[in-house]
Amino acid sequence: MKLTKKSHACVRLEKEGRTLVIDPGGFSEEDAALGADAILVTHEHPDHFDESRLRAAMENNPAAGVWTLKSVADRLAAAFPGRVHTVGHGDTFTAAGFDVQVHGELHAVIHPDIPRITNVGYLVDGGKVFHPGDAFTVPGLPVETLLLPVMAPWSKIAEVIDYVREVGPRRAYDVHDALLTDLARPIYDGHVGRLGGTDHQRLAPGAWTQL
């Protein structure tokens, strides 16, 4: 499987000529979802879900489908009948040849005064990749590659480190990093790499690795 990092929370997974894109939001490239056979969206926040990017991808490939929670599906289903699928915690499905399990229910707490929204994570191909969205969801199954939300308004570095320890992946790649300046990256890399207990790596937008 080929993993390509796009800006912020978005990644592209490719295998056997099929492409799965997760969270092509407003902080990611305009063409982040183009060419996708399947798109997964973890929640409705604009840095993870950009309606124009999804519509462009669906129009570009009439066979493409979207799997997401209800709040996002409701905004797309009428325009693409039969191609937008609502999922929730505990669901399993196959999208473009990728086997997916859904884990999690709620977005992490930003502040007690801000209502929590729904959020789901996606475990792909039996644990080869896990994208938690905006939450520290532990799938309770072995994870080879954790897509780690390394910096967010709802987290601190101690929580990020403890999350890596609890999931116990073989390796972790940073996502949710658009707000992390180049000046601060070595600090985060050092702490997570030294204390997380796993192979912690970072890909620049557009870079890829083979899993």
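Two strands count as paired if DSSP finds at least two bridges between them. With that in mind, welcome to this predicted model, where local features need pLDDT of at least 70, side-chain atom pairs count only at pLDDT 80 or more, and totals for chains, interfaces and linings use all residues. Residues are numbered from 1 along each chain as its sequence is written, and side-chain values use heavy atoms, with hydrogens and water left out. The secondary structure of the chain comes to 4 helices and 14 strands; helices (H or I, at least four residues) and strands (E, at least two) are DSSP runs, numbered from the N terminus.

**The chain as a whole**

- The radius of gyration, taken over C-alpha atoms, is 16 Å, which agrees with the value near 17 Å that a compact globule of 211 residues would have; the globule rule is 2.2 Å times the number of residues to the power 0.38.
- Along the principal axes, the C-alpha atoms fill a box of roughly 45 × 45 × 30 Å.
- Of the 211 residues, 55% are buried, where buried means under 20% relative accessible area, exposed means over 50%, and partly exposed lies in between (1.4 Å probe, protein chains only).
- About 9000 Å² of the chain is exposed, and carbon and sulfur atoms supply 51% of that area; accessible areas come from the Shrake-Rupley method with a 1.4 Å probe, and for residues only the protein chains shown count as cover.
- Among contacts with a separation of 6 or more, 53% come from residues 24 or more positions apart; contact means heavy atoms within 4.5 Å.

**The seven-strand sheet**

- An open sheet is built from 7 strands in the order S6-S5-S4-S3-S2-S1-S14, and its pairing is mixed.
- Strand S6 (84-86) and strand S14 (208-210) stand at the edges with a single partner strand each, so one side of each has no neighbour in the sheet.
- From one strand to the next, the twist averages 20 degrees; axes here are lines fitted to C-alpha atoms (for helices, over the stretch in contact), and angles run from 0 to 180 degrees between N-to-C directions.
- At the S14 edge, strand S1 (residues 2-5) pairs with S14 in the antiparallel sense over 3 bridges, and Leu3 has Thr209 of S14 as its bridge partner.

**Strand S4 and its two partners**

- Strand S3 (residues 18-22) runs parallel to S4 and is joined to S4 by 3 bridges; Ile22 has Leu40 in S4 as its bridge partner.
- S4 also pairs with strand S5 (residues 65-68), in the parallel sense and over 4 bridges.
- Leu40 has Trp67 as its bridge partner in S5.
- In a regular strand the side chains alternate between the two faces of the sheet.
- Both faces of S4 (residues 38-41) are covered, with Ala38 and Leu40 buried on one side and Ile39 and Val41 buried on the other.

**Strands S7, S8 and S9**

- Strand S7 (residues 92-95) and strand S8 (residues 98-103) run antiparallel and are joined by 4 bridges; Thr92 stands opposite Gln101 in S8.
- The two strands S7 and S8 form a hairpin with 2 residues between them, and Ala96 in the turn has a positive phi of about 55 degrees.
- S8 pairs with strand S9 (residues 121-124) as well, antiparallel over 4 bridges, and His103 stands opposite Gly121 in S9.

**Asn119, a buried loop residue**

- Asn119 lies in the loop between S8 and S9 and counts as buried because its relative accessibility is 0%.
- A polar atom of the Asn119 side chain lies 3.0 Å from the backbone oxygen of Pro132, and the backbone nitrogen of Asp134 lies 2.9 Å from a polar atom of that side chain. A polar contact is a pair of N or O atoms within 3.5 Å; within protein, one must be able to donate a hydrogen and the other to accept it, and residues adjacent in sequence count only if both atoms are side-chain atoms.
- Leaving aside neighbours within four places in sequence, the contacts of Asn119 include Thr42, His43, Leu69, Gly104 and Ala135.

**Arg83, ahead of S6**

- Arg83 sits in the loop between helix H2 (70-76) and S6 and is buried, with a relative accessible area of 18%.
- The Arg83 side chain reaches the backbone oxygen of Asn61 at 2.9 Å, and the backbone oxygen of Met58 lies 2.8 Å from a polar atom of the same side chain.
- Beyond its neighbours within four places in sequence, Arg83 is in contact with residues including Pro62, Ala63, Ala64, Gly65 and Val66.
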